[in-house]
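Here are a few exercises to work through with the model open beside you. Try each task on your own before you read its solution.

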Amino acid sequence: MACRARWISGGGFVSARIDPDEWHQISQLLARYWARADGLCSESAGEMFVEHGELVLGQLRLEGRAHIERFFIERDATHAAQSRITRHFSSPPWVVSTSDDRVELRSTVMVFAGCGAWPLPMSLPAGVADFHDICERDAVHGWRFRSRRATS
């Protein structure tokens with residue numbers, strides 16, 4: 001089957017129709033998640049997910065907002081103790097399918113990491129993963145992750 005994706009303004013491949021305002025909101029959710037993962041903001045990672053959302057990173061499976069939030073808090077503490085710095089770079093997401101209040105995305109992410117003071121020496125990526133996301137919208141909170149699944 002041929003891929004009938006098209007590039008949209010602002011970056012990203014779309015194989016399904018999506019409103020530009022909705023696209024912007026979803027893109028901001030992804031950007032906020034990576035900013036949180038890199039310690040660039042203190043927003044609750046758990047609140048970016050629906051109540052019973054899941055985050056799967058390889059063999060690690062986190063279910064529910066509280067579990068996801070606890071993981072990020074513990075990760076922050078470990079990174080601080082090790083003076084570890086990460087930066088995640090994500091490809092523009094590919095919108096695989098949409099419905100009124102649900103969207104499925106695919107993207108590829110590279111992470112660079114190091115320990116110590118700035119500037120960190122340049123190195124190869126510490127990891128590369130493909131992400132499969134399902135986001136859902138509700139009238140109160142807007143777009144949130146139903147699931148984020150990373151595979152190598």
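**Exercise 1.** In this predicted model, find how the side chains of Arg-106 and Glu-104 meet, and state the N to O distance.

*Solution.*
Step 1. Take the side-chain nitrogens of Arg-106 and the carboxyl oxygens of Glu-104: the N to O distance is 3.4 Å.
Step 2. Compare this with the cut-off, which is within 4 Å for a salt bridge. The contact between Arg-106 and Glu-104 is thus listed as a salt bridge.
Step 3. Add the surroundings of each partner. Arg-106 has a relative accessible area of 36% and is therefore partly exposed. Glu-104, with 19%, is buried, because buried means under 20%.

**Exercise 2.** Which parts of the chain does the pair Glu-136 and Arg-146 tie together?

*Solution.*
Step 1. Check the contact: the side chains of Glu-136 and Arg-146 form a salt bridge at 3.0 Å, N to O.
Step 2. Place the partners. Glu-136 belongs to strand 8 and Arg-146 to strand 9, so the salt bridge ties together parts that are 10 residues apart in sequence.
Step 3. Look at accessibility. Glu-136 is buried, at 18% relative accessible area, while Arg-146 is partly exposed, at 31%.
Step 4. Look for salt bridges that share partners: they join Glu-54, Arg-61, Glu-63 and Arg-149 into one network.

**Exercise 3.** How many salt bridges does the structure hold, and what does the one between Arg-36 and Asp-76 tie together?

*Solution.*
Step 1. The count for the structure is 13 salt bridges.
Step 2. Among them is the contact between the side chains of Arg-36 and Asp-76, at 2.8 Å from N to O.
Step 3. Arg-36 sits in helix 1 and Asp-76 in helix 2, so this pair ties together parts that are 40 residues apart in sequence.
Step 4. Arg-36 counts as buried, with 4% relative accessibility. Asp-76 is partly exposed, with 30%.
Step 5. Keep the general idea in mind: side chains of opposite charge can pair when their charged atoms come close.

**Exercise 4.** Lay out the order of the elements along the chain.

*Solution.*
Step 1. Count the elements: the chain has 2 helices and 9 strands.
Step 2. Read from the N terminus on, which gives β-β-α-β-β-α-β-β-β-β-β.
Step 3. Add the burial figure: of the 152 residues in the chain, 38% are buried.

**Exercise 5.** Describe the largest pocket by its volume, its lining and the elements that supply it.

*Solution.*
Step 1. The volume of the largest pocket is about 390 Å³.
Step 2. Its lining has 24 residues, and those closest to the centre are Leu-57, Arg-75, His-88, Val-111 and Phe-131.
Step 3. Sort the lining by type: 15 residues are nonpolar, 7 polar and 2 charged.
Step 4. Assign the elements. At least two lining residues each come from helix 1 (20–37), helix 2 (65–82), strand 5, strand 7 (102–115), strand 8 (127–138) and strand 9 (142–151).
Step 5. Follow two of the central residues. Arg-75 is part of helix 2 and is buried, with a relative accessible area of 17%. Its C-alpha atom is 8.9 Å from that of Ala-37, a residue 38 positions away along the chain. Val-111 is part of strand 7 and is buried, with a relative accessible area of 17%. Between the C-alpha atoms of Val-111 and Ala-129, 18 residues apart along the chain, the separation is 8.7 Å.

**Exercise 6.** Which element gives the most to the lining of the second largest pocket, and where else does Phe-89 take part?

*Solution.*
Step 1. The second largest pocket has a volume of about 180 Å³.
Step 2. Its lining includes Ile-85, Thr-86, Arg-87, Phe-89, Phe-112 and Trp-118.
Step 3. By type, the lining divides into 8 nonpolar, 3 polar and 1 charged.
Step 4. Strand 5 and strand 7 each supply at least two of the lining residues, and strand 5 gives the most, with 4 residues.
Step 5. Now take Phe-89, which is found in strand 5 (residues 84–90). Phe-89 counts as partly exposed, at 48% relative accessibility. Together with Met-110 and Val-128, Phe-89 makes a nonpolar surface patch of about 280 Å².

Terms used:
Residues numbered from 1 in each chain as written. Predicted model: local features only at pLDDT ≥ 70, side-chain atom pairs only at ≥ 80, totals over all residues. Heavy atoms only, no water. Patch = residues over 30% accessible without salt bridge, like charges linked within 9 Å, V, L, I, M, F, W, Y side chains within 5 Å. Areas by Shrake-Rupley, 256 points an atom, 1.4 Å probe, with all protein chains shown as cover. Buried < 20%, exposed > 50% of the residue type's maximum accessible area, 1.4 Å probe, protein only. 1 Å grid on protein atoms, 1.4 Å probe; cavity = no way out; pocket = protein on both sides within 12 Å on 5 of 7 lines; lining within 4 Å. Points joined across faces, edges and corners; volume = space filled by probe spheres on them. Nonpolar A, V, L, I, M, F, W, Y, C, P; charged D, E, K, R; others polar.
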